[in-house]
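Hi everyone, thanks for coming along. Let me put the model up on the screen, and then we can walk through it together.

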Amino acid sequence: MSDCIFCKIIQGEIPSAKVYEDDSLVAFRDIQPAAPTHILIVPKKHIDSVNALAPEDEALIGKMFSVAKEIAAQESVAEKGYRLVVNTGAEAGQTVFHVHLHLLGGRDMRALI
Ligand code: AMP
Ligand code: ZN
């Protein structure tokens, strides 16, 4: 997707603070962090949102959670707790239409949902 900001990050056209990369996923720090640890886990394959997932994406989505677990440990938030969020659609607050998993940690989030 030529106009997708996350595809541009994946292709190295826009800089990012990467914390993880493999053949199918990349993870980088959110540019406007909502918590001390705020990392986005993003598939290299462009998928607009959860609404556009196909059955063949199931392994990829599962891997996003496995990588989130590893990054949570790396960022030292695994023990205290962290939140994994996927916004889907405008009303949920999705602003970048390339599916991604937010990993949020390092502050108390119990007052929120
Ligand atoms: P969402 O609202 O779930 O679509 O989340 C999109 C997230 O991408 C927001 O938290 C933005 O702060 C973040 N974001 C947008 N542009 C960039 C960028 N260039 N580098 C890192 N994070 C970004
Ligand atoms: Zn994209």
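**The zinc site**

Let's start at the metal: the zinc ion (ligand 2) has as its protein donors Cys4 (SG), Cys7 (SG), His46 (ND1) and His98 (ND1), at 2.0 to 2.3 Å. Donors here are N, O and S atoms within 2.8 Å of the metal (3.2 Å for Na, K and Ca), and water is not among the atoms, so sites may look incomplete.

Before going further, a word on where this comes from: it is a predicted model, where local features need pLDDT of at least 70 and side-chain atom pairs count only at pLDDT 80 or more, while totals for chains, interfaces and linings use all residues. Residues are numbered from 1 along each chain as its sequence is written, chains are lettered from A and ligands numbered from 1 in the order in which they are written, and side-chain values use heavy atoms, with hydrogens and water left out.

What is the geometry of the zinc site? The site of the zinc ion (ligand 2) is tetrahedral, with angles of 102 to 118 degrees among the four donor atoms. The rule for that word is that four donors count as tetrahedral if all angles lie between 85 and 135 degrees; four count as square planar and six as octahedral if opposite donors are over 155 degrees apart and all others between 65 and 115, and anything else is irregular. For reference, the ideal angle for four tetrahedral donors is 109.5 degrees.

Along the chain, the zinc donors are spaced as C-x2-C-x38-H-x51-H. Both cysteine 4 and cysteine 7 are buried. Buried means under 20% relative accessible area, exposed over 50%, and partly exposed in between (1.4 Å probe, protein chains only).

**Around isoleucine 10**

Isoleucine 10 sits in helix H1 (residues 5-10). Helices (H or I, at least four residues) and strands (E, at least two) are DSSP runs, numbered from the N terminus. Which residues does isoleucine 10 contact, leaving aside neighbours within four places in sequence? They are Val26, Val42, Pro43, Lys44 and His98, where contact means heavy atoms within 4.5 Å. His98 takes us back to the metal, as one of the zinc donors. At 18% relative accessibility, isoleucine 10 counts as buried.

**The loop between S3 and H2**

Next, please look at the loop between strand S3 (37-43) and helix H2 (58-74), where we find serine 49. Is serine 49 buried or exposed? Serine 49 counts as buried because its relative accessible area is 7%. Beyond the neighbours within four places in sequence, serine 49 touches Thr88, Gln94 and Val99.

Valine 50 is in the loop between S3 and H2 too, but this residue is partly exposed, with a relative accessible area of 36%. Valine 50 joins Leu53 and Val86 in a nonpolar surface patch, with about 190 Å² of accessible area together. Patches are made of residues with over 30% relative accessible area and no salt bridge: like charges are joined within 9 Å, and nonpolar side chains (Val, Leu, Ile, Met, Phe, Trp, Tyr) within 5 Å.

**Salt bridges**

Now for the charged pairs. A salt bridge is a side-chain nitrogen of Lys or Arg within 4 Å of a carboxyl oxygen of Asp or Glu. How many are there by this rule? The count comes to six salt bridges.

One of them pairs lysine 44 with glutamate 21, at 2.9 Å from N to O. This pair links distant parts of the chain: lysine 44 is in the loop between S3 and H2, glutamate 21 is in strand S1 (residues 18-21), and they are 23 residues apart. Lysine 44 is partly exposed, at 26% relative accessibility.

Another joins lysine 63 to aspartate 23, with the closest N and O atoms 3.5 Å apart. Here helix H2, which holds lysine 63, is linked to the loop between S1 and strand S2 (25-29), which holds aspartate 23, across 40 residues. Lysine 63 is partly exposed at 28% relative accessibility, whereas aspartate 23 is exposed at 67%.

Then there is arginine 110 with aspartate 108, where the closest N and O atoms are 2.6 Å apart. Salt bridges with shared partners also tie Asp22, Asp23 and Lys63 into one network.

**One backbone detail**

Last stop: serine 76, in the loop between H2 and strand S4 (82-85). Most residues other than glycine have a negative phi. Serine 76 has a positive phi, near 60 degrees, and is exposed, with a relative accessible area of 62%.

How values were computed. Accessible areas come from the Shrake-Rupley method with a 1.4 Å probe; for residues, only the protein chains shown count as cover.
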